[in-house]
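Morning, everyone. Please bring up the model on your screens. Today we look for empty space.

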Amino acid sequence: MCGIVGYHGDSKASDIVYKGLKKLEYRGYDSAGIATAGNPSIKVEKGEGTIQDVSPEKKDGTSGIGHTRWATHGGVNDTNAHPHRDCTGNIAVVHNGIINNYETLKKELKNRGHEFKSETDTEVIPHLLEEQIEKQNSLHEAAEKVAETLDGSYAAVAVLDTREIIAFKNESPLALGVKEDEYFLASDVTPFLEYTDQAIFLEDGEIIKLNGDYKIYQDGEEVDRKPRKIDWDAEEASKEGHNHFMEKEIKEQPQTVKKAAFQDETDMKEAVEMVEEAKTVYLTGCGTASFAASLGAKYLREAEATVVTEQSHELEYRTDEITEDDLVIAVSQSGETADLLATLDDSDAPTLAVVNVVGSTLARQAEHTLFVNAGPEIGVASTKAFTAQIAVLKLLQYALQNELDEGRRSILETAEKLDEVLRKNEGLLEDISTYLTEKDHVFTIGRDKGHEMAQEAALKLKELSYIHVEGFPGGEFKHGNLALIEEGVPVISFMKDAGYEDIVSNTLEAKSRGADIIGVGSDPIDKFRFFIEIPEDPNSEILEIVPFQMIAYLTSVKKDNDPDKPRNLAKSVTVK
Ligand code: BG6
């Protein structure tokens, strides 16, 4: 997915757009560009690379748009970078999403004499607007016509040489920030939080026009939408003196896990009723959130719920078995992941969302939402949102067992131990990360809830260090994968209570074939290469994963990777 920013007011648009795009870089960072309605007309600067490579100072104008890209259609190069213009050059467009029918539209436009410069799907939008502005009586009607011809996901923002900005969306997120006579458009609230906490989250099919004020249209009619207050502050969306967002977000977890535990009593009660009324509870998500969902399934099963868990992009192929008598618990940091939203669209069951981003599509579409309160998570690799998701799902287990208050108290105690776990193991985590920088292959194993720990530790390490890391259920390791073990291959083993003897024997099977063992658990084993000791705790998953978030971070820094913006990845993927 990409990041979009727009500004319409009386300040220098390029400066505000430039700063806003830097806040959205976690959404995509292979190319960037800005366009302003300057004097005498539209001024565009764009290119391959990060927004830092685009210099805003040369562009005048108090109305402008910008884009930071995560390529889907067309290679990573200057021509395919956004914004894209029409034949007159008076309309510039940035877009986040995928236009499925762009090839047909492009061919038709070419037959009608339009010239194309890029390989992108986006470039059809400025040319379609160019035609409709000729035909329609108003700019919003022109945009309505264009939106009708597009099939796919899009948040599209256009600036015209008249200074007007017009935008329309379907599936991809777009928020409006309002501050007196200044208006900000962005893919999420972080780019304008330093100017205003008043925001409107645009709905699918809405058209917004900025021209001295803002007007929102739906089906040709103007609709009255009032801004709402966002309780995140700009400071939270900054590094607060840390070297990277990921480092800050890892160290914030003693606070964010506590915030996650402070769920409103009524909200928890409603969530419990939804689970109790459901025939089967489906827990789903993608990436890190899918491991939280899978852990959540084990927690709810212990509370005697009938559960199924599957990653959303696979659950999609069995939504026909999900009925309105079931419940889908959808776990997500951003609330914008396309694979998850598509599966929910196909499911007849009500949705209980466990999500971080307020105002996200998932939060607005779900029948009920438990916000995990982790605050803005900027690092592409999810850390504090994961432990907050685990805390909320664990709290739901306690609530189902009529132990909400005890459960909350125990999670608060777990959060208290987090600082100690990081502080006590600080030197050891440095040593392990230094050791891992020399390795090309690493395996992680665990049984029962240790399996999700193994998978999440593997995901963190591979997405940050670019080392090949694979997570396995401990019992599965000997069925073939053991063949990959030779002298010095690291095996990380999550040694938890459930299946303790078995995971010890699985680990020793690997050690006896030359593996270097990195053990984690509450009973240290000396003969292992490294052992990360974790205090006994009823919510131990929250404590066990944080050292591996830090190891992944340290290994990334030691390998000169960018921990906040790992190659080829994006914070949440709004395309399927
Ligand atoms: C990926 C992110 O793109 O999407 C992961 O890099 C994340 O960190 C995954 O776990 C799912 O995103 P979300 O927002 O639905 O939790």
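First, a definition. On a 1 Å grid over the protein atoms alone, a cavity is a set of points where a 1.4 Å probe fits but cannot get out. Points join across faces, edges and corners, and a volume is the space that probe spheres set on the points fill.

A word on sources. This is a predicted model, where local features need pLDDT of at least 70, side-chain atom pairs count only at pLDDT 80 or more, and totals for chains, interfaces and linings use all residues. Residues are numbered from 1 along each chain as its sequence is written, and side-chain values use heavy atoms, without hydrogens or water.

So, how many cavities of 30 Å³ or more are there? Three. The largest cavity holds about 260 Å³ of space. Its lining has 26 residues (each with an atom within 4 Å of a point). R27, S187, D188, S334 and V357 are the closest to its centre.

The second largest cavity holds about 60 Å³. Among the residues lining it are C2, W70, H82 and D121.

Now the ligand. Which residues are the closest to it? S332, Q333, S334, T337 and A570, out of 14 that surround the ligand (a heavy atom within 4 Å). Helix α8, residues 287-302, gives the most to this shell: three residues. Helices here are DSSP runs of H or I, at least four residues, numbered from the N terminus.

Look at T288 too. A polar backbone atom of T288 is 3.0 Å from a ligand oxygen. For V380, that distance is 3.1 Å.

Technical notes
A polar contact is a pair of N or O atoms within 3.5 Å; within protein, one must be able to donate a hydrogen and the other to accept it, and residues adjacent in sequence count only if both atoms are side-chain atoms. Helices (H or I, at least four residues) and strands (E, at least two) are DSSP runs, numbered from the N terminus. On a 1 Å grid over the protein atoms alone, a cavity is a set of points where a 1.4 Å probe fits but cannot get out, and a pocket is an open set with protein on both sides within 12 Å along at least five of seven lines; lining residues have an atom within 4 Å of a point.
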